[in-house]
Amino acid sequence: MRRIISILMENEPGALSRVVGLFSQRGYNIETLTVAPTEDKTLSRLTLTTFGDDRQIERITKNLNKLIEVVKLVDLTEGAHIERELMLCKVKATGAQRAEVKRTVDIFRGQIVDVTSSVYTVQLAGTSDKLDAFIGTIGDAQVLEVVRTGVSGIARGEKVLSI
Amino acid sequence: MEKLSGAEMVVRALQDEGVEIIFGYPGGAVLHIYDALFQQDKVQHILVRHEQAATHAADGYARATGKPGVVLVTSGPGATNAVTGIATAYMDSIPMVVLSGQVRSDWIGDDAFQETDMVGICRPIVKHSFSVRNVEDIPEMVKKAFYIATTGRPGPVLIDIPKDKTSPLVKLPYEYPKKVKMRSYSPVARGHSGQIRKAVDEMMKARRPVIYAGGGVILGEGSEHLTKLARLLNFPVTNTLMGLGAYPGSDKQFLGMLGMHGTYEANMVMHSSDLIVAVGARFDDRVTNHTQKFCPGATIIHIDVDPATISKNVRADVPIVGPVKQVLEDMVAMVEESAERPDEKALERWWQEIQGWREYHGLRYETNGDGPMKPQQVVEALYRATRGDAYVTSDVGQHQMFAAQFYKFDKPRRWINSGGLGTMGFGLPSAMGVQFAFPNATVACVTGEGSIQMNIQELSTCLQYGLPIKIININNQALGMVRQWQDMQYGGRHSQSYMDSLPDFVRLAEAYGHVGMRVDRIEDLDAAMEKAFSLKDRLVFMDIYVDPSEHVYPMHIADGAMRDMWLSKTERT
Ligand SMILES: Cc1cc2nc3c(=O)[nH]c(=O)nc-3n(C[C@H](O)[C@H](O)[C@H](O)COP(=O)(O)OP(=O)(O)OC[C@H]3O[C@@H](n4cnc5c(N)ncnc54)[C@H](O)[C@@H]3O)c2cc1C
Ligand SMILES: Cc1ncc(C[n+]2csc(CCOP(=O)(O)OP(=O)(O)O)c2C)c(N)n1
Ligand SMILES: [Mg+2]
């Protein structure tokens, strides 16, 4: 099952490599990973997505919690949550295709953020599924380059992850 | 405020932490620190002959005293030589602080002379690591390192120190913090009282209970309360290899060690139990055999400070996250206050059944009459010669298992061996650490002719510091444990397990300035042991030739249940 694990940790060199090490040591793959400081500059928020059964995830979260720099951790997939990923994508846009691409971008509520005579650069935010769907609709043949931030997530409602 | 260089800060912080002894080896990257050490006399530095030995010595010191062991090594090869010892301490949860030198910070990452990414190498084998970036951070970093190493589930902590951060030219104000507080690290201080109550209820209901106590009881100073609880309830007790001494080995409620080479009765009791009280033990694969066949009828109470060990290998029915000492103390109090007791009749029947198992096997072995002596006889002679009251360190192999089976440890911190990593070469240097901690104590190192050669250079350190260790070399002229597996699983094909061209250990010991003794015949053994242990201020190397064909039994049958064992070369359960 796909999981979104969100971690609040000390913003210190070395912290990230310890988190990643726990996964690679066990041969678990990290699908996506994002990390940036929070409103408190001494803390970073790290969000990662991975696949695993309950037992694997329990083991990995217990071991993540043991890392000295990890302050708090939550498996967002255990409750209602919002997830978003940002994508920048260069799409071939010539002739009749220009209008077609523009329409698709509008349907997906994306924005064209850069334009040349033959290329649109599209910005799109949403769940990972939505980004996949956009690429699927445009078609691999039209897509020149894709860059995705990886998933960020937050719990719905009053629940907060803070110290 | 007083101003100190980084090197002086390191040494002063050790003093302020109460460190009396450190084990190390000098080199370019740590010369400033060595110079600061030279100019004081509160912290004694022990010069080993190989950095691996420094870590094992610090480790032995820690295991014997409960205080953290401290190591100082230079960058590059000095640091990498220490890696095996750090991993050894990590696997057995031993508190240790390792200071490693590093190249100048502006050279890091450029393949500078004697540069290795020690923090990177050690990431999976330390509880935590630090790298000094600012000189002024040193006091707090040292304080945190000791705090992390010694609290919660103990473990080694590394501080990597670039040479420029110890320069005598930069002096900054020094103050050692009185306390540390870390928002991201707070080991559990108390077990949940509701869970403890639940566990006590289960104990009262039990008809076939057993206490399975591990190294955590020793690490967490819980032996006294464990013994009290077991006696109050009249429960049988078994110890892991790491837990030996946590419960008195000669007590009638003691079943011996459990697991792969555990006693017949301990493994039978575990398998047939209806309640297992696991205390500071981590359900290691050397204990459980196949986890799916593990103790089918047992309810499991698991007490451990580290939540990650609970339900890791075997699911716990009553998990208790907390320090053994407090949890056991609360349990004792609850039992004492309660009028309830487990069903006496049921327990009596349980003890009768246990008695049957004890009589059926115990730790039988056959002697050879006039032929070569058996390794078990050597350990029994050691037990007699030391009146069961020595510190015994061990290397890794058959001799280790025989020592664990046949030396009865009545006190915690007396049995010192590498269980989790199984590091050959651990025995002699760890014995040095013990002897430094207790200069007047009897310290014996049980070893094999394979293992002893992995750190034999330390005989020189022993001479320099006058350490009167007694080395009991159980010489079976083979890598016996490997050979046993080859006998049992590889059709007797002894691939590379034969120790050819052995040195004359007696002359070797003498060349190092010690006393050497060789024993070949059983009738000489006791007298030789008495003689060796009467030489109170000399290191004696006893080279004792034993039957090379002996195996360690009982031995779990791979992938079976706990009760599935080989009991000798021909008998199985
Ligand atoms: C050749 C060989 C053969 C072996 N055969 C056997 C065998 O037959 N039987 C056997 O038992 N072992 C055997 N071992 C050892 C085995 O590999 C493990 O090292 C051992 O079983 C682990 O012991 P333990 O469960 O007591 O845990 P330890 O490694 O001692 O771990 C201690 C546990 O206690 C916890 N703890 C620490 N401090 C506290 C505290 N204050 N409060 C609460 N909990 C705490 C820790 O979190 C940890 O879970 C063998 C090793 C070798 C090399
Ligand atoms: C450093 C290291 N290398 C290899 C091993 C694998 N190993 C385990 S026991 C053993 C044989 C030990 O021989 P010896 O010290 O003579 O002890 P014996 O089993 O003969 O009593 C070996 C090679 C190990 N545990 N440690
Ligand atoms: Mg041998």
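Good morning. I begin with helix H15 of chain B, residues 398-406, which lies across strands E15 (391-394), E16, E17 (443-448) and E18 (470-475) of chain B. The helix runs at about 135 degrees to E17(B). Please bear in mind throughout that this is a predicted model.

Let me place those strands in their sheet. In chain B, an open sheet of 6 strands has the order E16-E15-E17-E18-E20-E19, and the pairing is parallel. Which strands form the edges? They are E16, residues 415-416, and E19, residues 515-519, of chain B, each of which pairs on one side only. For E19(B), the partner is strand E20 of chain B, residues 540-545, and the two pair in the parallel sense over 5 bridges. To find this pairing in the structure, look for Gly516(B), which stands opposite Phe541(B) in E20(B).

I turn next to the metal site in chain B. Which protein atoms serve as donors to the magnesium ion, ligand 3? Glu449(B) contributes through OE, being listed twice, Asn476(B) through OD1, and Ala478(B) through O. These protein donors lie 2.1 to 2.6 Å from the ion. Along the sequence, the donor residues follow the spacing E-x26-N-x1-A. As for geometry, the site has 6 donor atoms, with angles among them of 51 to 178 degrees, and is classed as irregular.

Are Asn476(B) and Ala478(B) buried or exposed? Buried means under 20% relative accessible area. Asn476(B) has a relative accessible area of 9% and is therefore buried. Ala478(B), at 4% relative accessibility, also counts as buried.

Finally, I move to chain A and its strand E3, residues 43-51. Of the 9 residues of this strand, 8 are buried, so E3(A) is largely enclosed by the rest of the structure.

Which strands pair with E3(A)? Strand E1 of chain A, residues 2-10, pairs with E3(A) in the antiparallel sense over 9 bridges. Strand E2 of chain A, residues 30-37, is likewise antiparallel to E3(A), over 7 bridges. E2(A) and E3(A) form a hairpin, with 5 residues between them. Arg45(A) is a useful point of reference here: Leu8(A) stands opposite Arg45(A), and so does Ala36(A). On strands in general, I would add that in a regular strand the side chains alternate between the two faces of the sheet.

That concludes my presentation. Thank you for your attention.

Definitions and conventions
Residues are numbered from 1 along each chain as its sequence is written. Chains are lettered from A and ligands numbered from 1 in the order in which they are written. This is a predicted model: local features need pLDDT of at least 70, side-chain atom pairs count only at pLDDT 80 or more; totals for chains, interfaces and linings use all residues. Side-chain values use heavy atoms; hydrogens and water are left out. Two strands pair if DSSP finds at least two bridges between them. Helices (H or I, at least four residues) and strands (E, at least two) are DSSP runs, numbered from the N terminus. Contact means heavy atoms within 4.5 Å. Axes are lines fitted to C-alpha atoms, for helices over the stretch in contact, and angles run from 0 to 180 degrees between N-to-C directions. Donors are N, O and S atoms within 2.8 Å of the metal (3.2 Å for Na, K and Ca); water is not among the atoms, so sites may look incomplete. Four donors count as tetrahedral if all angles lie between 85 and 135 degrees; four count as square planar and six as octahedral if opposite donors are over 155 degrees apart and all others between 65 and 115; anything else is irregular. Buried means under 20% relative accessible area, exposed over 50%, partly exposed in between (1.4 Å probe, protein chains only).
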